[in-house]
Amino acid sequence: MPILDLAKTRWQFRDTTAKAWLPATVPGCVHTDLLRARQIPDPFFGTNELDLQWIEERDWEYRASFKITAALLAESEIDLVAEGLDTVATVYLNGKRVAATDNMFIGHRWAVKKLLHAGANELLIVFSSALRYIRENRTDFIVPCEFNDPVGSCVRIRKQQCQFGWDWGPRFVTAGIWRALRLEARSVNRLAAVRVTQTHTGSPARPAVSLTLAPELARAEQSVTYWVTLTLNGHVVAESDDLSVEIPSPQLWWPAGQGAQPLYDLTVTARDSAGRELGTITQRLGLRTIVLDRHADQWGESFQFLINGRAVFIKGANWIPVNSFVADLTRADYARDLRAAVLANMNCMRLWGGGIYESEDFYDLCDELGLLVWHDFMFACTLYPGDAAFLASVRAEADYQVKRIRHHACLALWCGNNELFQLNEKVLRENPAYRRAYDDVFHGVLPAALAEHDNVTPYWPTSQWRGDWSHDNTHETGEKRGDTHYWDVWHARQPVKSYEKWALRFCSEFGMQSYASPETQATFAAPGDDNVFGPTMENHQKNRGGNQVILDYVSRRYRFPKSQDDLIYLSQLNQAYCMSTGVEHYRRLMPRCMGAIYWQLNDCWPVASWSSIEFTGRWKALHHIARRFNAPALVSAHVPGDETPIIGNYRRSTANEVRLYTVYDAPVSAKGLLRWDLFTLDGDIVLTGQKNVTLRHGESTRQKTLDLAKLLATHNRDRVYLRMALDIDGVTVSEETVFLAAPRFLNLPRPKKTAATIKLLTPTKALIAFTSPVFQHRFVFDLPGVAHLTSDNYFELYPREKKEVVVEFTKPVTKAQLTAALRFHSLVDTYA
Ligand code: BMA
């Protein structure tokens, strides 16, 4: 089938009020084209965002002239295939109107042979202003409550909602050809899709899997034959002209941490009765079953994922678009953050509903890396219209996206929307019109599309939800069933310890903000213009009062820092402390709680936010520490009680006991050694102990309770810290420090000198060892200007104990270079 990739032709664009045409890139969008043409400054720099809002009000046109060969023109059918037009577009071919669109999430195929001619042809696509569309369409639909769109009513248009602004993202309402565009010519029928149904019998130990294939042709045709080939790592494991395939010794696909991710290549070729090829489709498959297991149990109703029959505790983060401008993202852009997620021992990404249905690269990488995908449909927070045209557009969107994504091994759940019930419960319960529109989409159109195109992947109508309308979204019901978004910490300013108040079944959102590192700030704030409370930083903080809330939480735990860079470090330590308090609590609750997905993994521009990976790719303290609190074998401490000042601000603490847990979710059982030591800050051991433990998959076990009341009375809680560790086969696999008071009350020892030795292992790998004469908390090292990935950071340095990290570099380095660049400090260095 001859194909002409129109992205490769020379494109131009212009504002319809302008004369001059400028060079354009397809796929792309007007903002990145204007930037490349030096018509606008960097949208992410300073407060430029505020000066670029005029773009959303303009109409933009894109044109390309292209030649088609006689061979292509000789074919009986020629389709113009557009996989994504953002958003309100009218398509003209050689001056003739082909079609109009108003949903950026639908791919289109238009028969255009009669409009084409030999030689030069011209394609023109005019994008009308989305804002004008919103003002002129569905004007009868009034949003009961707006949550993120400062102008309003962006829900009237099917478009990446966070383009209109979000509490972590800028407002850049863009337009453009954001996905592939091509001509396809043929003179025979077309193999349009192949639906694959897996049948699993046998057990995970001795699996038996067969595939049933349902090819879909562009039009019905008799006596079409098929040839099916299934390969694994290039080796043919099955071949057949039958549409059901038995797979000999099937290799099951597992999420990260539970096993391997073998991916089979399934190739199906269709031929008509004359033997002419109608098309070949290749899909990568992971053989697995994924069930959302909701059965009645002692706590209420479970909410857990069974992968190949095994209950897996979900450890992950919420995924937002990788960039405000998503059209020209590369596989490398996706791999950077997804690989980082797996390095932090995550096994799941929640693809959040205010962004986009992602690119093939995203799903492919999640398949390869073993990252399950909780996939929201693209609806978030604000209620949506329900008129017939809207429902039809949503149906076409769901049909297109479900058929595109359904075969991916990583796909674990379809979720109707993000927080529509949570944020609009009262309106939905009291206003029948809004309720009907809601039900029509999330209990009507979407489940119907799934029933037709993917009746295997479970569906959950909204997040957070308790399973049906008879349950409200209180924390009490969250302790019994469904998934919960827990925002008492941050949005309700509750103390971090409040995570431990609720034994939730599954927490799919919770978060704490931090500032981005000085290195990332330097990408958008000129020197002297980076004060965290100054105009530029306020523009790069989209949660109202967010920069002050960060300071509030930092001040609850740490001493006042001596510089802004130290404040940034403390904000990241605080964020990590909050997320480890939450995630460890949820993991200790296993199997009552079977998932913890924190808000958010990544950023779409440089900003202060809840992310653990900065827009520049730098890992915040949280991401390094997530690697530890998501570890398959975890030692975790629960310290009941808290410190609450009484009248006169006199301190009173009820935290006198430490409960040591081991939490284990690796598939193979193990023997371990649990160790604990209570040190004074001068380094004296006042209590020590150890215990042999057995670690089994899916078990959280309270192994030891340390009653420290007497020791704290003797040694003073501000002058001690507990070190706990878990060893397996003599290797420490989990270790952490437990304080019995907030670090701001501890007079941490100041190291006279921290020894650091550097050994080059290869030109791109080094072993760096740190040794400190005294205890250092959250020791961080950096090699500014030398791109690197380290095996650990923001760790504890215990007195006179060497800590080694392996550091890998993207380019060859020298020892001298590393010695010159190496910087490090710990908590005590942040205040005078
Ligand atoms: C939840 C998410 C996002 C939001 C986040 C932080 O509401 O669903 O919409 O960005 O909290 O406020």
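Here are some numbered notes on this structure, which is a predicted model.

1. **Who sits around the ligand.** Start with the ligand, since a newcomer will probably look there anyway. The residues surrounding the ligand are Trp-166, Asp-167, Trp-168, Trp-352, Cys-381, Asn-418, Glu-419, Trp-487, His-491, Glu-509, Trp-599 and Trp-610. Sorted by class, that shell comes to 7 nonpolar, 2 polar and 3 charged residues.

2. **Polar atoms facing the ligand.** Three side chains are worth picking out here. His-491 has a polar side-chain atom 2.7 Å from an oxygen atom of the ligand. For Trp-168, a side-chain N or O atom is 2.8 Å from a ligand oxygen, and for Trp-352 the corresponding distance is 3.2 Å. As for cover, the ligand on its own would expose 300 Å², and the protein buries 94% of that.

3. **Cysteines without partners.** How many disulfides does a search of the whole structure find? The count is 0. Take Cys-29 as one case: its closest cysteine sulfur belongs to Cys-162, and at 13 Å that is too far for a bond. Cys-29 is also buried, because its relative accessibility is 5% and the cut-off for buried is under 20%. Cys-145 is in no disulfide either, the nearest cysteine sulfur being that of Cys-381, 9.9 Å away. Unlike the buried Cys-29, Cys-145 is partly exposed, with a relative accessible area of 33%. You have already met Cys-381, as one of the residues around the ligand.

4. **Aromatic pairs, and one to look at.** The model has 53 aromatic pairs. A good example is Phe-105 with Tyr-357: the ring centres are 5.1 Å apart and the planes are at 80°, so this is an edge-to-face pair. Why does the pair tie together parts that are 252 residues apart in sequence? Because Phe-105 is in the loop between β8 (96-101) and β9 (108-111), while Tyr-357 is in the loop between β28 (348-351) and α6 (360-369). Both Phe-105 and Tyr-357 are buried.

5. **An aromatic cluster.** Ring pairs also join up into a cluster elsewhere in the sequence. Its members are Phe-379, Tyr-384, Phe-390, Phe-421, Tyr-438, Phe-442, Trp-465 and Trp-469. If you have the 3D view open, try selecting these residues together.

6. **Two distances for a sense of scale.** Asp-677 is in strand β37 (residues 670-680), and is buried at 10% relative accessible area. From Asp-677 to Ser-76 is 79 Å, C-alpha to C-alpha, with their positions 601 residues apart in sequence. Now try Ala-99, in strand β8, which is buried too, at 9% relative accessibility. Ala-99 and Trp-110 are 11 residues apart along the chain, and their C-alpha atoms are separated by 7.9 Å.

7. **A buried glutamine with a polar contact.** Gln-521 belongs to helix α11 (residues 518-521). Is Gln-521 buried or exposed? Its relative accessible area is 3%, so Gln-521 counts as buried. A polar atom of the Gln-521 side chain lies 3.0 Å from the backbone oxygen of Ala-516.

8. **Cis peptide bonds.** Two places deserve a second look in the backbone. One is the cis peptide bond between Val-26 and Pro-27, with omega about -5°; Pro-27 is in the loop between β3 (22-24) and α1 (30-36). The other is the cis bond joining Asp-86 and Thr-87, where omega is about -10°. Thr-87 is in the loop between β6 (85-86) and β7 (89-93).

9. **Positive phi outside glycine.** Ser-153 is not a glycine, yet its phi is positive, about 70°. This serine lies in the loop between α4 (130-136) and β11 (164-166), and is buried with a relative accessible area of 15%. Asn-233 is another non-glycine residue with a positive phi, near 50°. Its place is the loop between β17 (225-232) and β18 (235-240). Where Ser-153 is buried, Asn-233 is exposed, at 65% relative accessibility.

Key: Residues are numbered from 1 along each chain as its sequence is written. Side-chain values use heavy atoms; hydrogens and water are left out. A residue is near a molecule or strand if one of its heavy atoms lies within 4 Å of it. A polar contact is a pair of N or O atoms within 3.5 Å; within protein, one must be able to donate a hydrogen and the other to accept it, and residues adjacent in sequence count only if both atoms are side-chain atoms. Accessible areas come from the Shrake-Rupley method with a 1.4 Å probe; for residues, only the protein chains shown count as cover. Ala, Val, Leu, Ile, Met, Phe, Trp, Tyr, Cys and Pro count as nonpolar, Asp, Glu, Lys and Arg as charged, and the others, Gly among them, as polar. A disulfide is a pair of cysteine sulfur atoms within 2.5 Å. Buried means under 20% relative accessible area, exposed over 50%, partly exposed in between (1.4 Å probe, protein chains only). Rings of Phe, Tyr and Trp (its six-membered ring) pair if their centres lie within 6.5 Å; planes under 30 degrees apart count as stacked, over 60 as edge-to-face and the rest as tilted. Helices (H or I, at least four residues) and strands (E, at least two) are DSSP runs, numbered from the N terminus.
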